[in-house]
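User: I am new to this structure and would be grateful for a close look at a single part, the helices of one chain, followed by an account of how that part sits in the whole.

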Amino acid sequence: MSATAILNAARTIGGQVQPHLSFRDLRKVYPDGVAALDGVSADVPRGQFCVVLGPSGSGKSTLLRVVNGLTSLSSGQMTLGDLPMSAANLRAIRRKVAMVHQLFNLTERASVSANVLAGAVAEVPFWRVMLGWYPAELRARACEVVARVGLDEIHLPRRAVALSGGQQQRVGIARAFLLRPEVILADEPVASLDPAISREVLGLLREAGREQGATVMCSLHQTDLAREFADRIIGMRKGRVVFDGPPHLFDARAEAALYEGLTPPAQAQPRKEALHA
Amino acid sequence: MREAELEMGGHPAKRVADWHLPAPYDWRAALAVLLIALALIWSGQRMEVGKMIGLTGEAVLASVGLQEESQVGKGLGRMFGQLFPFVIEDRRELARLPDIDRDNLPMFTRIELVEVTTFHMNAATLQAEPRVDVKEYLVHPFGYLLNVLGKMVETFEMAIWATIISVILSIPLAFFGARNYTPNRFAYSASRGIVSFLRAMPELIIAMFLVLGFGFGAIAGYLALGLHGAGFLGKFYAEDIEGADRKPQEALTALGAGKLRVLRAAVLPQVAPSYVAYTLYILDRNVRMAAVIGLVGAGGIGQELKGRYDTFEFGHVGTILLVIFLTVFVLDQVAAKLRARLIG
Ligand SMILES: Nc1ncnc2c1ncn2[C@@H]1O[C@H](COP(=O)(O)OP(=O)(O)OP(=O)(O)O)[C@@H](O)[C@H]1O
Ligand SMILES: [Mg+2]
């Protein structure tokens, strides 16, 4: 009880609900001089499905990778709950954050079940990882998430490569949800999937996130999908936030401004390279 | 100038006409090829490659009857002829086996009588006179084959233990010797140094030293092979770790997993087939090398081979070579099946 009270107290600072993720003037300059993030500030409340839009190279991936420390900041501060990102907090933050990757990032030769269980690789005892012998509750949980993402028992022993692109991304999502993370980062999770499958995968991401009260940050290239699924849209351009608001405010003018002078954004149209589920 | 307006995340725009796509090779590549060719010509003279081709050609021509005879053919032919027939029986003079009970011979054995003619000087006539002695032999019709097979089993055991030692040694060597997993540059250099050293030392030499320490027998043999094999496996394991798909590794690192956990869950499944292939190759090599290493008294079939070769018993040598060949052949088949199964 007192723990909850402390938690609630911690969440509210100065009468305001503390944001789940807070970005304060984030800057990332790569050694070659490219400023991938150029002063990004935003607060993301708990449980929000936040879509990051922007032309190619605008810094979407960089922003997402700052959250789990895959990219280190040049300056500024990222805070998850009450944990500021630092070398000391890196592991603790990473354990609360899961990521869904554009190219799925599955261990291709390993089975679906091994890939999903790998979501707990940082949490179970070392000897269990070495033997690949995960505890029974975890295996039960793995079956649960595999079922939740719409796969079947017959998929469990199959090698990840032997699945279609859409199925592989489902495995990626199952792995991310295995340990009920607080934050899900999804970097263009549907970029290599066809439109119908993209909708299913995004819907899955949003619903599963909601069920667990997880905050989702998802970068996308398809503005129509963003409008359909987002609670909030952050538009980026050249490392800066140029739009931040609910989807109904992201109208044709805002879209035109975001992509002005650039190739039109990819709509959710069939693509040649799309993988079919 | 619409292209010129295309901005890519702050990169300076450049007109397409000013782009440059280099050709796949340039004069440096051509020069390198030329230098390598020159080096090979120079080395070819030192290695008498011309003579090698000439003599081989003669031998081939002679064997198909297009030429009288050849130097190589004669030398090899004499030796080759003596390998046949393979000796598979075990034959011992009965007089030297005091414990044999004639009425109750060991299984499969029989006694053969052989007339031996010797010449003796007759003191009276000062003439050499033939004298016929009958010698009795205890013959086991396939005793020698059994003996060789027993030695082969021993050799195979040596190869197995050598492989186990190689694998155990090369796991830490691979971890420290993989650029993306080594804890620091020093550990990396040390590991790579050890791996090169182990590979550079011929197993025959290592075995000779180890025989001094561990005495004649199998221990020196499989230790030597194990150390040498670790030089191979340490290198190949490490290079596969470096070359493994980075994406799943990044995914698990992002979850907060440490290096060893990432290696186990994201790298090992990817490299397992090639690890199995390398390890089976080392096993195969150890079987063959275990035969050679016996030459310095390090146990196994090699010791037998050396003994028979030194006493010009080429029929026995032939049997040994045949058994080694058959073992390697069978092992190859088994390894191929195993590999297909693990990779499929
Ligand atoms: N490791 C790196 N080294 C140097 N520059 C980098 C690196 N990673 C990204 N960049 C640069 O940072 C900028 C932002 O990249 P980022 O990947 O965040 O863009 P993005 O919005 O995700 O683009 P896309 O939609 O194409 O995925 C780009 O100009 C990119 O070239
Ligand atoms: Mg990106």
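Analyst: The account begins with helix α4 of chain B, which covers residues 71-83 and has 13 residues. From its first C-alpha to its last, this helix reaches 19 Å, close to the 18 Å expected at 1.5 Å a residue. A kink of about 25° is nevertheless present in α4(B), and B:G77 is at its centre. The model is a predicted one, and local features such as these are reported where pLDDT is at least 70.

Beyond α4, the chain enters a loop that leads to β1 (90-93) of chain B, and B:P85 lies in this loop. The peptide bond that joins B:F84 and B:P85 is cis, with omega at about -10°.

Helix α10 of chain B, residues 259-293, offers a second case for the comparison of span with length. At 1.5 Å a residue, a straight helix of 35 residues would span 51 Å, but the end C-alpha atoms of α10(B) are only 39 Å apart. Within α10(B) there is a kink of about 60° at B:L268, and the proline B:P269 follows shortly after.

Chain B also meets chain A. In this interface, 30 residues of chain B are in contact with 39 residues of chain A. The two chains bury about 2,900 Å² between them, and 55% of that area is on carbon and sulfur atoms. The interface of chain A and chain B holds 1 salt bridge. Its partners are A:R65 and B:E250, whose closest N and O atoms are 3.3 Å apart. Polar contacts across the interface number 11 residue pairs, with both residues at pLDDT 80 or more. On the side of chain A that touches chain B, at least two residues come from each of α3 (90-96), β8 (97-100) and α5 (126-131) of chain A. The greatest contribution to that side is made by α5(A), with 4 residues. By character, the residues on this side of chain A comprise 17 nonpolar, 10 polar and 12 charged.

Salt bridges are also found in the structure as a whole, where a search over all chains gives 34. One of them pairs A:E255 with A:R227, and the closest N and O atoms are 2.6 Å apart. This pair links distant parts of the chain: A:E255 belongs to helix α10 (residues 252-258) of chain A and A:R227 to helix α9 (residues 223-229) of chain A, 28 residues apart.

One further local feature concerns the backbone of chain A. A:E188 is not a glycine, yet its phi is positive, at about 45°. The loop that holds A:E188 runs between β9 (183-187) and α8 (195-212) of chain A.

Methods: Residues numbered from 1 in each chain as written. Chains lettered and ligands numbered in written order. Predicted model: local features only at pLDDT ≥ 70, side-chain atom pairs only at ≥ 80, totals over all residues. Heavy atoms only, no water. Contact = heavy atoms within 4.5 Å. Buried area = accessible area lost by both parts, 1.4 Å probe. Salt bridge = Lys/Arg side-chain N within 4 Å of Asp/Glu carboxyl O. Polar contact = N/O pair within 3.5 Å; in protein donor to acceptor, adjacent residues only side chain to side chain. Nonpolar A, V, L, I, M, F, W, Y, C, P; charged D, E, K, R; others polar. Expected span 1.5 Å × (residues − 1). Bend = angle between axes of the 7 residues up to and from the residue.
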